[in-house]
Each structure stands twice: as C-alpha cells, then as structure tokens.
Amino acid sequence: GTVTRWWRDAVIYQVYVRSFADGNGDGVGDLLGVRGRLPYLADLGVDAIWLTPFFTSPMADFGYDVADYRDVDPIFGSLADARALIDDAHGHGLRIIVDVVPNHTSDQHVWFEEAVAAGPGDPARERYIFRQGRGATGELPPNDWESVFGGSAWTRLPDGEWYLHLFAPEQPDLNWENPEVHAEFESILRFWLDLGVDGFRIDVAHGMVKAEGLPDIGHSDQIRMIGTDVVPFFDQDGVHEIHRAWRRLLDSYPGERIGVAEAWAPSPQRLANYVRPDELHQAFNFHFLNTPWEAERFRAVIEESLATAGLVGAPSTWVLSNHDVKRHLTRYGGGEVGLRRSRAAALLTLSLPGSAYVYQGEELGLPEVLDLPEEFLRDPQRLRNPDDGRDGCRVPLPWSDGEPHFGFSLPGVNGTWLPIPSSWGPLSVESQLEEPLSTLNLYREALRIRRERRAFGEMPLAWLDSPEGTLAFTRDAGFTCTVNLTGEDVELPAPGRVLLASAEPVVQGGVARLAPDSAVWWQRDDAS
Ligand code: TEU
C-alpha cells in the first residue's frame, strides 16, 4: 500500500478500558463505552487509540493475564463490540492499536491448565518454563530470580515442579524456545490484523527470551524502573528475532500496521535495537517518567533521545504517564504547581520531534488519587511495595459534573470499580469544554496546531540560547517553543507572536516575561 509513515509523528491516546467509560452500567469501563466516546477522541485531535488488554481474563493483573487472546472478556463486551469499535474508530479517522501480552498467559489459559494437569515430563509443560527445584527434595526455587511484583519468580505445583512467572503467580511465562508458541502468537496477531487493527503495543517486549540455562543473578536489587542492570531474563539478544518475524507479518498487511515495544533496556542504545527498520516501529521512550522538573535534566534527556532516534532512523516516542506510574501532575508536586508544570510539559512534549502518547485523563489534568479506600486496592504490584500500587492512576474518568458517577457510568449503578473523588466535578470533560483556558482546551488547541503542520513531527529541533532554568528551541517555519521550569518570572526576547500558552506571557517592547512553570508556542510572522 501507500507509505504514509503515519506513526512517525502520531499522537496516540492510551485508553485504559476499565476506567474510560462504562457503556453497560456495571461500574466498569468497556468497549461500548469507548465507542460512545469516539467523537470526544476525534474532537480532541489524536491520531490513534491504544486500548489496554480487553481479552478474556480472570483479571489477576487487570487483563495483563490473558486466558483467551481471540475473545473479549464479558466485562468489556463481546467480539462483536470489538469489531464495531474498530470500524467506528476508522470512520472517525482514528487508528486502533491493541495490546498483545506475549511474555505470559493467565494461569487459566487452556495451555496452562493442560500443562498443570499433564504432570512433569509431559510435552504440554514445554509451552511454559517448568523446572525441578533445588535442595535435597527440590524444595527451593530453581534459581534466584525475583518477580517484578515481589517475591520469588517461581511457584511450586503440588507435583513438585516449579514454574516461572516474572510477574504474578497467575501469569506463568511462556517458553519462547518452543516453536508452537511462535506459531500461536503469529496466528493471534493475524486474527486481530484481519479484524482491522492498525497495530500492537507489545507488553514486556524485552522479556520473552531468557538466558540459556536460566543462570542465577547472584544479587538481590534486580529490577529498576529504567533498568541499568543486565539481568538474564530481560533484553536478551534472541528477543529481536521474534520482533523481526512480527515485523514481516505486519508488513504483509496493507496500510502500515505498527508494533510499539514496551521495553525496558539498560541503555538508550539497547532500547534503540527494538526500532530498527526491520524490527518494531516504535519503542516507548520512558525517560520522562523519572526526569525531575529541571531544565538541564529535560534538555539532557531530549538530546540523548534525539541522538538515539537519529542513529536508528526512527523517531522518539514521548511518554509522560501511563497506567503503571504515578500521574505526572502528582510527580511534579501536585496541586497548583503540579498543574502548571503538567500543562507546560504537555506543550513541551507535543512540540518535540516524533510521536507522543497521551494517557487518558492527562488532558484533563487529573492527579494521582492517593487516598483510595483500602478495600478497593487490588493491584498485584502492591505486594512488592504497598506505596507503589498502580490503582491511583487508574481511577475512572469524570465526563460531566452534573451526572451520577460524573457520567462515567449509567445512573442506576451503585458505584464505579474505583471511586471517583467527589472534588473532580470541575475536572470533568463537560466542565472543561466550557472553560476556554482549561487543560482540555489547551490539549485540543495544541493538537489542532500540530495537525495543521503535518511536517512538524519530522522537522529537526534547534536549541536557542535562553536564560538558566528555561528551554527554547525552534522547529519548522518560524515556530519556537519556550519553557520556563523555574518558579519565577523569566524574561527573554519574544520569539514571535503567541500561538498557544500554558500560562499567558506578558509581551512588551519585544521582551516576553514567561510565567513560572509555563510553556509557550510562538510563531515568527515573517516566516513563510
Ligand atoms: O508492565 C511491565 C513492567 O515491567 C511493569 O511492571 C512496570 O515496570 C511497572 O509497573 C512500573 O511501575 C506491563 C504492563 O504495562 C503492566 O500493567 C503489567 O502489569 C505488566 O506488563 C505485566 O503484564
């Protein structure tokens, strides 16, 4: 088909299906709910939607434990709903990316049930990673690997064998040494490609291949957010063969279907290996997730990311938040300061070269919910660290102030799966649409300007000299972005007229006074 390279500067909106919109009135978001809100997403101005897993699942990890990759969990709807959603989205000019989870299945996947029933030595166990334990009676795990969610990465069955799970015990790791696993996943990808999806977000794309012999690590502090450690279960060279095979499969379909890697690699260079022209199209750039609010730190991350992107010829893919991390408004200090900074961060990331991911609710300036009642907390990651749960970034969206459950659910519902804070009325979509300077309108306007300048994403960035604590760079024809990351007003020569601002600067006699923690998009009028 025609090569549009649409993904190179696309803005992709992450829908956490469970918390986006509830179409059937059970307090849990679903595909029908997403379908009903497609006009909102089209109007917002994003190019594509990434849907988090909606496949059949016992929900031990809220859908990242898949029991049937070719069907929809009843809580989210049906296969017919998925078809209708894909078609409607395309009707609105929105592409659909689905989440594929190839590192592990659910423990209720038929393959795992067969493996457990079959017993030691049976070929059914070779789809997973089963081993004998150590110690006199095999009472110790086969090696010292720890699960990302805490505790040993091994669980023992009553028959004495242990199975590997890099995440929860309900998420047994598949054995990618087994050709049957490859064949099965290629068939799953085809299933969704045939239904018309435009690509896949590949969960734990760095994890499928484990080092030969499953060697011990020998030290405990194993996994970090952006791993600097080399561990025998992440980022093994062999994983690239899988992604190359998937790229060939994607390329055999018309319309540029993409793969985006959720990969954690020990260096930007190692991460770049996932986005070679014969491999995946994108890999999330997670560096902003732990960049403190300091101009020098942001500049360093941007420069390093652009340099790596340049090396591999694939654009960077900026991320401020997702369903696994504390929302950036709260990371940036919360309250008024957090809001100011997150609005500025939006204009900064949306004017960088490459593609950007927007996590649902960041366009509303939602904070992390830090005081959810104990009885609602069910994220398995809490096992590892009670303060590190991911529930607070997964609270349902407020759609309208006046309605029960802020319009997330239908009126008759008792409650939403996580309660929406009563203070969120003014943050609702409806309220913000009426407020010209709202965060939602800031995003809508930014995305409109981006879309008008189709070449925007591909143009190189050139830094301008600017006062300490600020960033300034130009892009295409006379466009400049300035960011003031200090808590004070800062003056600099006005680089044009104001196109859009997270907080309006004062411009007088060619000098611009930038408000604290603010970003401004400027246009030089003499530019062609
Ligand atoms: O996340 C992979 C992953 O490594 C996360 O555990 C991440 O490091 C952590 O949550 C950061 O706090 C993916 C999914 O995004 C996540 O929701 C799943 O729980 C996980 O895979 C297992 O499928």
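1. Two strands are taken to pair if DSSP finds at least two bridges between them. With that in mind, and remembering that this is a predicted model, one may look at strand S16 (residues 479–484) and strand S21 (residues 518–523), which run antiparallel and are joined by six bridges. Within this pairing, Val483 stands opposite Ala519 in S21.

2. The wider setting of these strands is an open sheet of five strands, ordered S14-S15-S16-S21-S18 with antiparallel pairing. Its edges are formed by strand S14 (462–463) and strand S18 (497–501), each of which pairs on one side only.

3. As for the overall division of the protein, the domain assignment gives domain 1 as 6–103 + 178–447, domain 2 as 110–164 and domain 3 as 461–523. The C-alpha centres of domain 1 and domain 3 are 30 Å apart, and contact between these two domains involves 19 residues of domain 1 and 16 residues of domain 3.

4. Which helices each supply at least two residues of the side of domain 1 that touches domain 3? They are helix H8 (295–312), helix H10 (335–350) and helix H12 (439–452), and the largest share, seven residues, comes from H10. By residue class, this side of domain 1 divides into 12 nonpolar, one polar and six charged residues, so that charged residues are present here alongside the nonpolar ones.

5. Helix H10 deserves a closer look, since H10 lies across S16, S18 and S21 and runs at about 35° to S21. The length of H10 agrees with expectation, because its 16 residues, at 1.5 Å a residue, should span 22 Å, and its end C-alpha atoms are indeed 22 Å apart. H10 is also mostly covered, with 12 of its 16 residues buried; among them are the arginines Arg340, Arg341 and Arg343, as well as Ala344, Leu347 and Leu350.

6. Is Arg450, a residue of helix H12, buried or exposed? Arg450 is buried, because 20 other C-beta atoms lie within 10 Å, and the cut-off for calling a residue buried is 20 or more. Leaving aside residues up to four places away in sequence, Arg450 touches Val11, Leu350 and Phe456; of these partners, Leu350 is itself one of the buried residues of H10. By contrast, Leu320 is 130 residues from Arg450 in sequence, and the two are 18 Å apart in space, C-alpha to C-alpha.

Methods. Residues numbered from 1 in each chain as written. Predicted model: local features only at pLDDT ≥ 70, side-chain atom pairs only at ≥ 80, totals over all residues. Domains from an automatic or database assignment. Contact = placed C-beta atoms within 7 Å. Helix = DSSP H or I, 4+ residues; strand = E, 2+ residues; numbered from the N terminus. Expected span 1.5 Å × (residues − 1). Axes fitted to C-alpha atoms, helices over the stretch in contact; angles between N-to-C directions.
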